[in-house]
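Visitor: I would like a close look at a single part of this protein, taken slowly and with its surroundings explained.

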Amino acid sequence: AARKKAEEEEAARKKAEDVQRVTWKVGSRVSALWKEENEYFLGVVSADNGDGTYTINFDDGDVDEHLEAVHMRTPPEQELLSSRN
């Protein structure tokens, strides 16, 4: 049982590392975490800070200048379509 738990923890660690290795290009549309509300909102990557964080310009005008890649994801197509209306 202990070995299985250790294997699961190692797999989770590797997955977290893979997520952190994701790189985003400036201009990419993303769904990104706005930490103050603990919710994801649509925005655009405006800068790669070179330290694993990005500057995100959210559609509502808010800006996060140091958002970690782990808090960014490709927006679902449904969100992209609704944001155009």
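Visitor: Please concentrate on the sheet and what lies beside it, and begin with one residue: does V26 count as buried or exposed, and at what relative accessibility?

Guide: V26 counts as exposed, with a relative accessibility of 55%; please keep in mind throughout that this is a predicted model. The residue belongs to the loop that runs between α1 (2-21) and β1. Although V26 and A47 are 21 residues apart along the chain, their C-alpha atoms are separated by 5.6 Å. Setting aside neighbours within four places in sequence, V26 is in contact with V45, S46, A47 and D48, and since β2 spans residues 39-48, this loop residue leads us directly to the sheet.

The protein contains 2 helices and 5 strands, which follow one another along the sequence in the pattern α-β-β-β-β-β-α. The 5 strands make an open sheet, arranged in the order β4-β3-β2-β1-β5 with antiparallel pairing. Because β4 (63-68) and β5 (72-73) stand at the edges and each has a single partner strand, one side of each is left without a neighbour in the sheet.

Let us cross the sheet, beginning with β1 (residues 29-34), which pairs with β2 in the antiparallel sense over 6 bridges; within this pairing, the bridge partner of A32 is F41 in β2. On its other side in the sheet order, β2 pairs with β3, again in the antiparallel sense, over 5 bridges, and here V44 stands opposite N57 of β3. The hairpin of β2 and β3 has 4 residues between the strands, and in it G50 takes a positive phi near 80 degrees. Next, β3 is joined to β4 by 4 bridges, with the two strands running antiparallel, and T53 stands opposite E68 in β4. These two strands also form a hairpin with 4 residues between them, where G61 in the turn has a positive phi of about 105 degrees.

Strand β3 deserves a longer look, since 5 of its 6 residues are buried and it is therefore largely enclosed by the rest of the structure. T55 is a residue of this strand, which covers residues 53-58, and T55 counts as buried because its relative accessibility is 11%, where the cut-off for buried is under 20%. Beyond residues up to four places away in sequence, T55 touches V44, V45, S46, A47, N49, V63, D64 and E65. With one of these, N49, the side chain of T55 makes a polar contact of 3.4 Å. V45, S46 and A47, which T55 touches, are also among the contacts of V26, which brings the exposed loop residue and the buried strand residue into one picture.

At the β5 edge we find R73, which counts as partly exposed at 40% relative accessibility. R73 and V30 are 43 residues apart in sequence, yet their C-alpha atoms are 5.8 Å apart in space. Not counting residues up to four places away in sequence, R73 touches W24, V30, S31 and Y40.

For the wider setting, 24% of the 85 residues of the protein count as buried. Among contacts between residues at least 6 apart in sequence, 41% join residues at least 24 apart. The protein exposes about 6200 Å², of which carbon and sulfur atoms supply 49%.

How values were computed: Residues are numbered from 1 along each chain as its sequence is written. This is a predicted model: local features need pLDDT of at least 70, side-chain atom pairs count only at pLDDT 80 or more; totals for chains, interfaces and linings use all residues. Side-chain values use heavy atoms; hydrogens and water are left out. Two strands pair if DSSP finds at least two bridges between them. Buried means under 20% relative accessible area, exposed over 50%, partly exposed in between (1.4 Å probe, protein chains only). Contact means heavy atoms within 4.5 Å. A polar contact is a pair of N or O atoms within 3.5 Å; within protein, one must be able to donate a hydrogen and the other to accept it, and residues adjacent in sequence count only if both atoms are side-chain atoms. Accessible areas come from the Shrake-Rupley method with a 1.4 Å probe; for residues, only the protein chains shown count as cover.
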